[in-house]
Amino acid sequence: MSQQLKRRIGLGLLTAYGIGVMVGAGIYVLVGAVAAEAGVLAPLAFLLAGLIAAPTALSYAEFSSRLPEAAGEAAYVGQGFNSKFFAIFVGLAVVVAGTISAGAVLRGGAGYFAAATGVDAEIAIIGMGAALVLVAIVGVLESFALVAVFTLIEVLGLALVVWAGFSTSASPDWTAALPLAEMVTTPGLVTGLATGIAFGAVLAFFAFIGFEDIVNMAEEVRNPTRVLPLAIVISLAVTSVIYALVCWAAVRTVPLAALAESQSPLALVWQQSQGGSARFLSAIAVFAALNGVLAQIVMASRVLYGLGGRTTGLAVFRHAHPRFGTPVRATLLIGLAVLVAAYWLPVAQLAGATSATLLSVFVLVNLALILQKRRQPEAPFRISMAVPVLGLVMSLLALATAVKGWI
């Protein structure tokens with residue numbers, strides 16, 4: 001059986017994959033929470049969050065050009081710390097985090113699907129999960145094409161929300177707000193504004209988690225040393241703009257108090273502007289869930305494939321199907337684990353731990369790049385040493401926030 005994955009992915013599909021992973025269900029909930037902190041300046045909080053994520057994303061981009069391997073973070077940390085144990089530990093942590101995340105999203109998506117169709121939620125979990133695993137096995141190009149379609153549906157849905165937000169009259173909170181230039185020059189407001197935007201940005205940061213999944217596709221990407229860094233930078237920039245526009249439309253249209261209290265803030269935007277129930281957003285949430293689950297299955301199976309080349313204990317997963325060119329064994333295991341997570345694990349409680357795990361990996365990757373750059377400055381895609389240092393600081397702050405909220 002062949003042990004090589006097939007290089008079938010270009011910049012366009014890889015960027016769509018990155019955007020699809022980030023533009024998930026988080027934006028549908030986080031807008032209200034960020035607005036509660038930053039008020040009408042919540043769009044600035046999302047842009048700031050993108051800037052906070054940027055140093056770590058750039059660290060991933062440089063490492064992806066140095067080590068274009070399916071093991072991704074595991075390879076980076078192993079190289080930076082010169083530790084095989086660290087590499088395996090980080091790789092397995094990423095696999096577990098991705099599996100739990102996919103399980104949580106699958107359960108939520110099945111719930112939306114069941115509510116819309118009347119199909120039993122447990123049957124929906126099995127059917128949706130099995131279908132996505134089958135797509136992931138058939139081929140990476142087919143998987144990415146489906147991810148691109150789902151991403152397009154998600155973005156179109158958000159575009160409708162933005163259109164709705166700007167096609168109606170502004171809320172009293174928006175019209176009563178001072179112009180930005182006057183806000184920042186009014187005595188007593190500057191400190192409060194800065195604090196609100198900063199807290200909002202920390203919350204919004206979690207909506208950007210996902211760019212790191214791109215690097216695990218390295219062995220299926222054509223010209224990875226060029227394409228991987230580009231895809232990371234472009235997907236992060238596009239997502240930042242999408243988030244800011246959606247949040248802008250929301251705070252312009254809906255009173256801040258209602259926005260902060262709602263579990264479906266984007267539905268409020270549509271209802272305020274167009275009336276009706278905004279049920280189409282529930283349908284889009286199903287596509288977002290399918291996208292997230294498929295992306296995590298593909299990512300985690302590639303990490304497991306990469307780890308198979310680093311330790312004999314996981315060597316059984318270092319195999320790709322000769323016809324499909326995908327890691328079938330790893331994909332089947334991850335798919336089964338996702339179904340188990342969706343059915344039996346307390347995924348809601350584990351979500352906080354998953355975020356903390358990924359942020360811990362961010363810390364380690366930034367630190368590993370600092371060590372690696374000191375030993376070997378040259379790289380196909382190179383950033384300033386200040387970037388991973390800033391990424392390390394930002395990731396530690398976000399990790400502290402996540403752990404505090406989890407505890």
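1. Contacts (heavy atoms within 4.5 Å) are mostly long-range: residues 24 or more positions apart account for 82% of the contacts in the protein chain with a separation of 6 or more. This is a predicted model, in which local features need pLDDT of at least 70 and side-chain atom pairs count only at pLDDT 80 or more, while totals for chains, interfaces and linings use all residues. Residues are numbered from 1 along each chain as its sequence is written, and side-chain values use heavy atoms, with hydrogens and water left out.

2. The protein chain has 17 helices and 0 strands (DSSP runs: H or I of at least four residues for helices, E of at least two for strands, numbered from the N terminus). Its radius of gyration is 21 Å, close to the 22 Å that the globule rule gives for 407 residues, so the chain is as compact as a globular protein of that length. The radius is taken over C-alpha atoms, and the rule is 2.2 Å times the number of residues to the power 0.38.

3. Buried residues (under 20% relative accessible area, 1.4 Å probe, protein chains only) make up 54% of the 407.

4. The largest nonpolar core (buried Ala, Val, Leu, Ile, Met, Phe, Trp, Tyr and Cys residues joined through side-chain atoms within 4.5 Å) has 127 residues, of which Leu14, Tyr17, Val31, Phe46 and Tyr60 touch the most other members. Helix H14 (residues 279-308) supplies the largest share of this core, 14 residues.

5. Beyond its neighbours within four places in sequence, Phe46 is in contact with residues including Ile27, Leu30, Ala204, Phe208, Tyr243 and Cys247.

Technical notes
Buried < 20%, exposed > 50% of the residue type's maximum accessible area, 1.4 Å probe, protein only.
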